[in-house]
Amino acid sequence: MEKLLTIVVPAYNVEKYIKNCLDSFIDLSVLRSLEILIVDDGSTDNTEEIVQKWINTNKISIVYL
């Protein structure tokens, strides 16, 4: 299916909020139409680990930069 919308999520030291942010995109009726790019500019907290766990748990293709 062609992606209709690209969502860019800036992520810098957002370990407290990133899971809730990503969970808000889990609407199966539109999820396949979304492309989600998470751009991390060198977080020093656990943001990367939380995002990787979320990706693996939900088996969703997301680009994490």
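Where in the chain does Asn13 lie? Asn13 sits in the loop between strand 1 and helix 1, and this loop will come up again once the overall layout has been described. The model is a predicted one, and the mean pLDDT of the protein is 85, with 85% of its residues reaching 70 or more. Confidence varies along the chain: among the elements of the protein, helix 1 has the highest mean pLDDT, at 93, while helix 2, made of residues 28–31, has the lowest, at 69.

The secondary structure of the protein consists of 3 helices and 3 strands, and, read from the N terminus on, these elements follow one another in the order β-α-α-β-α-β. The protein has 65 residues, of which 32% count as buried.

A good place to begin is the interior. The largest nonpolar core holds 14 residues, and the members that touch the most other members are Val9, Ile18, Leu22, Phe25, Ile36, Ile38 and Val51. Several elements contribute to this core, for strand 1 (5–11), helix 1 (18–23), strand 2 (34–40) and helix 3 (47–58) each supply at least two of its residues. As general background, nonpolar side chains in soluble globular proteins tend to be buried together.

Helix 3 can be looked at from several sides. With 12 residues at 1.5 Å a residue, helix 3 should span 16 Å, and the C-alpha atoms at its ends are 17 Å apart, which agrees. Which residues of helix 3 are buried? They are Thr47, Val51, Trp54 and Ile55, and, when the helix is seen down its axis, these buried residues fall within an arc of 100 degrees, so they line one face of helix 3. The general geometry of helices is useful here: an α-helix has 3.6 residues a turn, so residues three or four places apart point the same way. The face of helix 3 turned away from the buried side carries the exposed residues Lys53, Asn56 and Thr57. Of these, Thr57 has a relative accessible area of 54%, and since exposed means over 50%, Thr57 counts as exposed. The side chain of Thr57 also reaches the backbone oxygen of Lys53, at a distance of 2.8 Å.

Helix 1 offers a contact between charged side chains. The count of salt bridges comes to 1, and Lys19 forms a salt bridge with Asp23, their closest N and O atoms being 2.7 Å apart. Because Lys19 and Asp23 are 4 residues apart in helix 1, about one helical turn separates them. Both partners are partly exposed, Lys19 with a relative accessible area of 44% and Asp23 with one of 30%.

The loops have contacts of their own, and here the text returns to Asn13. Its backbone nitrogen lies 2.7 Å from a polar atom of the side chain of Ser43, a residue placed in the loop between strand 2 and helix 3. Is Ser43 buried or exposed? With a relative accessible area of 19%, Ser43 is buried, because the term applies to values under 20%. The side chain of Ser43 makes a polar contact with the side chain of Asp40 as well, at 2.7 Å. Asn13, for its part, is partly exposed, with a relative accessible area of 31%. The phi angle of Asn13 is near 50 degrees, a positive value in a residue other than glycine. By way of comparison, most residues other than glycine have a negative phi.

A last step follows Glu35, through which parts of the chain that are separated in sequence can be related in space. Glu35 is found in strand 2 and counts as partly exposed, at 32% relative accessibility. The C-alpha atoms of Glu35 and Val8 are separated by 8.5 Å, although these two residues are 27 residues apart along the chain. Glu35 can also be paired with Leu4, for the two are 31 residues apart in sequence and 7.9 Å apart in space, C-alpha to C-alpha. Leu4 itself is found in the segment before strand 1, and with a relative accessible area of 69% it is exposed.

Definitions and conventions. Residues are numbered from 1 along each chain as its sequence is written. This is a predicted model: local features need pLDDT of at least 70, side-chain atom pairs count only at pLDDT 80 or more; totals for chains, interfaces and linings use all residues. Side-chain values use heavy atoms; hydrogens and water are left out. A nonpolar core is a set of buried Ala, Val, Leu, Ile, Met, Phe, Trp, Tyr and Cys residues joined through side-chain atoms within 4.5 Å. Buried means under 20% relative accessible area, exposed over 50%, partly exposed in between (1.4 Å probe, protein chains only). The expected span of a helix is 1.5 Å times one less than its number of residues. The arc is that of the directions from the helix axis to the C-beta atoms. A salt bridge is a side-chain nitrogen of Lys or Arg within 4 Å of a carboxyl oxygen of Asp or Glu. pLDDT is the predictor's confidence in each residue, from 0 to 100. A polar contact is a pair of N or O atoms within 3.5 Å; within protein, one must be able to donate a hydrogen and the other to accept it, and residues adjacent in sequence count only if both atoms are side-chain atoms.
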